[in-house]
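Here are my notes on the model you sent round, set out as numbered points so that each can be checked against the coordinates. Please read them with the structure open beside you.

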Amino acid sequence: MNITVLSVIYFVAFSHALMIAIVLWQRSAPRNAGRMLAGVMLILAYKLFEGGATYSGFYRYIPHLLDLMPGMVLLLGPVFYGYVRKMSGLPSFTWGQWLLHFAPWLILWLLFNSANVFRSAELKIAMWDNVIASDSKYQANYPLPVVLLLIGIKLHLTTYLALATMRLQKFSRTLYNLRSDNSGEIIIQLKGLVIAFILLEALWVSLFIAQQYYSAITLGQVSQSWLLFISIIVLAMGFVGLKQPSIIFTKEEQQISNISEETSQNKQVGIQDNDGNQVKYIHSALPDSTASEIAKQIKTVLTSQQLYLNEKLALTDLAQVLEIKSHTISQVINQYMKTNFYKLVNGFRVQHAADLLEDTKLAWPIERIALESGFSNRVTFNKAFKEQMNCTASHYKKQFKQAG
């Protein structure tokens, strides 16, 4: 064996990916979005394990465990997109649909790799020895059809990433009208993950073309750079953590999301009333007097029952308490109260936190103030507090003490 720095990095990243996959799987119910994300991590984990084994020489002891997943990005794209679909409220793929999405990988495996799986250990070791030896060569090794096939595989993943991006974008537009928790932070993390994957594939294509036609680097350096980028992505995911891997729209929230999307596309398109005033909502017949009354009820119930202290409070929960349809409440909050559900609830939370900060009898740290006020973490609390009070919670507490 020849343990190198890169092989150690690959093995460390492999252990992180495997650990994240196991945790996600254990914390998620069957057919849940979290288990699909665990599938993504398992795919990455295998590729990192294969890289570590290859560049450390460990493949000589476990030849039958390598090269089982060629063209792994053909699996990665559908699984990641399936996760985003499930998380954002769309139904899971059926078994037939999954088979269709995995068809390119199955065809590739049957045509180019199935024979290699059943080779003897000696032949497999010899093959990997040849791969390692050829990594030091600069000349282009692949004919144009093979180059196009490999680039096509990368474009296949990019297509799924683009679909996932569009789905996440639609999800994020309606999320703050439905949830008051840190779901928005999770969406930001997922968007970052999509961007990282796109950059990863762009890196591979650029390096591969540079190797094939300009002999700028070796094939080994292309593979090593790609795996190193995957390692960084996995380690970053382990560091940041996906706090809500199973975040998912309910059926009712999905309906509200569709109504909001349709309304946002059709409101204020030049239709005017008899007095020449712009119509506020094409699909709404909600009078201002009714909207005003509902707005008062929303504020009253949030204050009297302190519903905002529930960090997972959703629009559907508020609708259940008020016994008013969710989409009606959403419309009132967005159009009559000129805000969204997330900001509305956080406004009450910030005011509650300010009251606690002004209480001289309390000696609670800022983090406890945040949790006691309904925030899931201090970062979200600090951001909301500063937006509403134009200063940090620490500065607010200091100012209040000085004034007293």
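1. Helix α12 is mostly covered in this predicted model, for 8 of its 11 residues are buried. The buried set consists of Ser-326, Thr-328, Ile-329, Ser-330, Gln-331, Val-332, Ile-333 and Gln-335, and after the helix comes Lys-338, whose phi is positive, near 55°.

2. What does α12 pack against, and at what angle? Its partner here is helix α10 (residues 288-304), and the two helices, α12 spanning residues 326-336, pack at an angle of about 100° with their axes 10 Å apart. Because angles from 65 to 115 degrees count as roughly perpendicular, α10 is described as roughly perpendicular to α12.

3. The residues that make this contact can be listed from both sides. From α10 come Asp-288, Ala-291, Ser-292, Ile-294, Ala-295 and Ile-298, and they meet Thr-328, Ile-329, Val-332, Ile-333 and Tyr-336 of α12. Sorted by class, the contact of α10 with α12 holds 8 nonpolar, 2 polar and 1 charged residues. Several of the α12 residues in the contact also appear among the buried ones of that helix, including Thr-328, Ile-329, Val-332 and Ile-333.

4. For the chain as a whole, the secondary structure comes to 16 helices and 0 strands. Of its 404 residues, 47% count as buried, and the chain exposes about 20700 Å², of which carbon and sulfur atoms supply 61%. Among contacts with a separation of 6 or more, 71% are between residues 24 or more positions apart.

5. How many salt bridges does the model contain? The count comes to 4, and three of them are described in this note, beginning with the one between Glu-201 and Lys-154, whose closest N and O atoms are 3.2 Å apart. Glu-201 lies in helix α7 (residues 183-214) and Lys-154 in helix α6 (residues 144-175), so this pair ties together parts of the chain that are 47 residues apart in sequence. Both partners are covered, since Glu-201 counts as buried at 2% relative accessibility and Lys-154 is buried as well, with a relative accessible area of 8%.

6. A further salt bridge joins the side chains of Asp-129 and Arg-60, at 3.2 Å from N to O. This pair links distant parts of the chain, Asp-129 being in helix α5 (residues 121-134) and Arg-60 in the loop between α2 (33-56) and α3 (73-87), 69 residues apart. Here neither partner is buried: Asp-129 counts as partly exposed at 29% relative accessibility, and Arg-60 counts as partly exposed at 41%.

7. The salt bridge between Arg-368 and Glu-372, at 3.5 Å from N to O, lies within a single helix. Arg-368 and Glu-372 are 4 residues apart in helix α14 (residues 366-372), which means that about one helical turn separates them. Arg-368 counts as partly exposed at 38% relative accessibility, and Glu-372 likewise counts as partly exposed, at 35%.

8. Is His-101 buried or exposed? This residue, placed in helix α4 (residues 95-117), has 19% relative accessibility and therefore counts as buried, although the cut-off for that class is under 20% and a reader may wish to bear the margin in mind. Leaving aside residues up to four places away in sequence, His-101 touches Leu-74, Pro-78, Phe-93 and Tyr-160.

9. Two loop residues deserve a look at their backbone, because most residues other than glycine have a negative phi. Asp-67, which is not a glycine, has a positive phi of about 60°; it is placed in the loop between α2 and α3, and at 18% relative accessibility Asp-67 counts as buried. Asn-390 also has a positive phi, near 60°, and is found in the loop between α15 (378-389) and α16 (393-403). Unlike the buried Asp-67, Asn-390 counts as exposed, at 68% relative accessibility.

Definitions and conventions. Residues numbered from 1 in each chain as written. Predicted model: local features only at pLDDT ≥ 70, side-chain atom pairs only at ≥ 80, totals over all residues. Heavy atoms only, no water. Buried < 20%, exposed > 50% of the residue type's maximum accessible area, 1.4 Å probe, protein only. Axes fitted to C-alpha atoms, helices over the stretch in contact; angles between N-to-C directions. Parallel < 35°, antiparallel > 145°, perpendicular 65-115°, else oblique. Contact = heavy atoms within 4.5 Å. Nonpolar A, V, L, I, M, F, W, Y, C, P; charged D, E, K, R; others polar. Areas by Shrake-Rupley, 256 points an atom, 1.4 Å probe, with all protein chains shown as cover.
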